[in-house]
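This briefing is meant to be read beside the sequence and the model. It moves from one buried residue to the chain as a whole, and then to helices, cores and loops.

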Amino acid sequence: MEKVMAVYDVDPVYARRFADVVNQKEKIPFEVIPFTTLENLKEYAAKHGVEILLVSDSVPKEQMEGIRANSIVALAEGEVVSSFDSYPSVYKYQAADSVVREVMTRYCEQPVENPLVMSGRRSRVLGVYSPIGRCLKTSLALTLGQQLVKEGTVLYVGFEEFSGFSRIIDGQCKSDLSDVLYFFRQGNLDIMRLRSLAYTWKEMDYLPPARYPEDLEQLTGEEAGILVEKLAEEMGYGYIIVDAGRPGRNILPVLERCDVIYMPVKEDGVSSAKLEEFEEYLEKTGYQLLREKIRRVKLPYHSSFGRRDTYAEQLLWGELGDYVRQLLKGVSWK
């Protein structure tokens with residue numbers, strides 16, 4: 001049974017719309033229930049209990065007495081300073097995913113005895129990797145994510161040291177993969193913590209790349225592989241796109257967790273030599289079975305891209321988008 005996030009606001013339209021959006025789009029192990037009167041909220045909380053209560057900061061604190069809720073967050077209309085002295089607050093007039101991320105951050109600051117895990121089947125993991133440089137690898141990964149989000153929920157994870165991703169989306173992020181790695185190593189990474197760290201771009205969730213290359217350098221291949229498996233098993237996404245950027249043995253345990261690996265290739269002599277060396281490396285390191293998962297793809301050349309702020313649309317509706325739609329038609333998930 002899912003836990004309940006209750007929403008009470010003096011504006012009933014806000015509460016209903018917020019609940020509708022979050023229940024449809026957000027990946028949290030809560031059922032969001034809107035309440036239009038305090039009486040209904042108190043009656044429900046008395047019988048069922050509430051895990052998180054979001055309540056307008058214009059509601060007098062004395063009116064909240066007797067409501068059973070494990071965590072209370074105030075919805076602030078102006079400056080984020082709650083009228084409830086002991087309750088944290090978030091600005092209510094922002095995107096629903098931003099409200100959820102801030103609420104999850106507040107929630108995770110409390111001690112939790114039993115970390116929450118999203119139930120359901122394992123995510124389908126698509127890896128994008130190539131030993132060849134400048135082969136549209138990241139463009140392919142982004143296009144895959146943008147196409148698959150039409151079919152289910154998607155989480156994009158990049159292991160490149162300098163991916164350019166944050167510049168492409170013009171994102172101002174307070175957290176990134178470095179924070180995910182910290183909580184993962186502490187054993188405190190669950191769906192609630194992940195929702196406080198993940199961001200949304202064009203309906204696709206993503207973990208911003210690590211802010212410092214040193215954080216990736218210190219990450220062992222086995223750790224990275226276990227992290228990907230944890231995301232796939234416990235976080236409830238339909239698909240996880242892994243933009244695997246680091247060469248060498250460290251990336252092989254990550255690729256091993258992928259259901260399919262798309263490998264952009266080129267036809268020039270140097271590129272062919274690199275591919276031969278990579279396959280030889282798989283044999284020497286005992287990862288030869290990875291070859292069964294690898295799908296070599298020769299991506300369409302494109303040079304018509306213009307402004308960076310419309311890059312996603314250009315990818316999805318250009319030649320690469322057409323190519324990816326045809327590519328996914330032939331996928332058979334085992």
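In which helix does leucine 231 lie? In this predicted model, leucine 231 belongs to helix H9, which covers residues 221-234. The paragraphs below start from that residue and then turn to the rest of the chain.

**Leucine 231 in helix H9**

- Leucine 231 counts as buried, because its relative accessibility is 1% and the cut-off for burial is under 20%.
- When neighbours within four places in sequence are left aside, the residues in contact with leucine 231 are Ser123, Leu155, Val157, Leu194 and Ile240.
- For one of these partners, leucine 155, the separation from leucine 231 is 76 residues in sequence, while the C-alpha atoms of the two are 9.0 Å apart in space.

**The chain as a whole**

- The protein chain has 13 helices and 12 strands as its secondary structure.
- Of the 334 residues in the protein chain, 52% are buried.
- Among contacts in the protein chain with a separation of 6 or more, 71% are between residues 24 or more positions apart.

**Nonpolar cores**

- The largest nonpolar core holds 68 residues, and Met5, Phe18 and Phe159 are those with the most contacts inside it.
- Helix H3, residues 96-108, gives the most to this core, contributing seven residues.
- A second core, separate from the largest one, has 25 residues, among them Leu142, Leu144, Val154 and Val297.

**Helix H3 and tyrosine 107**

- The 13 residues of H3 should span 18 Å at 1.5 Å a residue, and this agrees with its end C-alpha atoms, which are 18 Å apart.
- H3 is mostly covered, with 10 of its 13 residues buried.
- The buried residues of H3 include Asp97 and Arg101 as well as Val99, Val100, Val103 and Met104.
- Tyrosine 107 is found in H3, and this residue is buried because its relative accessible area is 4%, against a cut-off of under 20%.
- Serine 71 is 36 residues from tyrosine 107 in sequence, yet the two are 6.9 Å apart in space, taken from C-alpha to C-alpha.

**Packing of helices H4 and H13**

- Helix H4 (residues 137-148) packs against helix H13 (residues 319-329) at an angle of about 65°, and their axes are 10 Å apart.
- The crossing of these two helices, H4 and H13, is right-handed.
- On the H4 side the contact is made by Ser139, Leu140, Thr143, Leu144, Gln147 and Leu148, and on the H13 side by Leu320, Gly321, Val324, Arg325 and Leu328.
- By residue class, the contact of H4 with H13 is made up of six nonpolar, four polar and one charged.
- Leu144 appears both in this contact and in the second nonpolar core.
- Which residues point the same way along a helix? Because an α-helix has 3.6 residues a turn, those three or four places apart do so.
- Aspartate 322 is also found in H13, and it counts as partly exposed because its relative accessibility is 43%, in between the cut-offs of 20% and 50%.
- Aspartate 322 and threonine 143 are 179 residues apart in sequence, and their C-alpha atoms are 9.8 Å apart in space.

**Loop residues**

- Most residues other than glycine have a negative phi, and the next two residues are described with that in mind.
- Arginine 134 lies in the loop between strand S6 (124-128) and H4, and its phi is near 50°, a positive value in a residue other than glycine.
- The relative accessible area of arginine 134 is 82%, so this residue is exposed, the cut-off being over 50%.
- Glutamate 203, which is not a glycine, has a positive phi of about 75° and is placed in the loop between strand S8 (199-201) and strand S9 (204-207).
- Glutamate 203 is exposed, because its relative accessible area is 52% and the cut-off is over 50%.
- Is isoleucine 251 buried or exposed? Isoleucine 251 is in the loop between strand S10 (239-243) and helix H10 (252-256), and it is buried, with a relative accessible area of 0%.
- Isoleucine 251 and threonine 220 are separated by 31 residues in sequence and by 8.7 Å in space, C-alpha to C-alpha.

Technical notes:
Residues are numbered from 1 along each chain as its sequence is written. This is a predicted model: local features need pLDDT of at least 70, side-chain atom pairs count only at pLDDT 80 or more; totals for chains, interfaces and linings use all residues. Side-chain values use heavy atoms; hydrogens and water are left out. Axes are lines fitted to C-alpha atoms, for helices over the stretch in contact, and angles run from 0 to 180 degrees between N-to-C directions. Helices (H or I, at least four residues) and strands (E, at least two) are DSSP runs, numbered from the N terminus. A crossing is left-handed if the near helix is turned anticlockwise from the far one by less than a right angle, and right-handed if clockwise. Contact means heavy atoms within 4.5 Å. Ala, Val, Leu, Ile, Met, Phe, Trp, Tyr, Cys and Pro count as nonpolar, Asp, Glu, Lys and Arg as charged, and the others, Gly among them, as polar. A nonpolar core is a set of buried Ala, Val, Leu, Ile, Met, Phe, Trp, Tyr and Cys residues joined through side-chain atoms within 4.5 Å. Buried means under 20% relative accessible area, exposed over 50%, partly exposed in between (1.4 Å probe, protein chains only). The expected span of a helix is 1.5 Å times one less than its number of residues.
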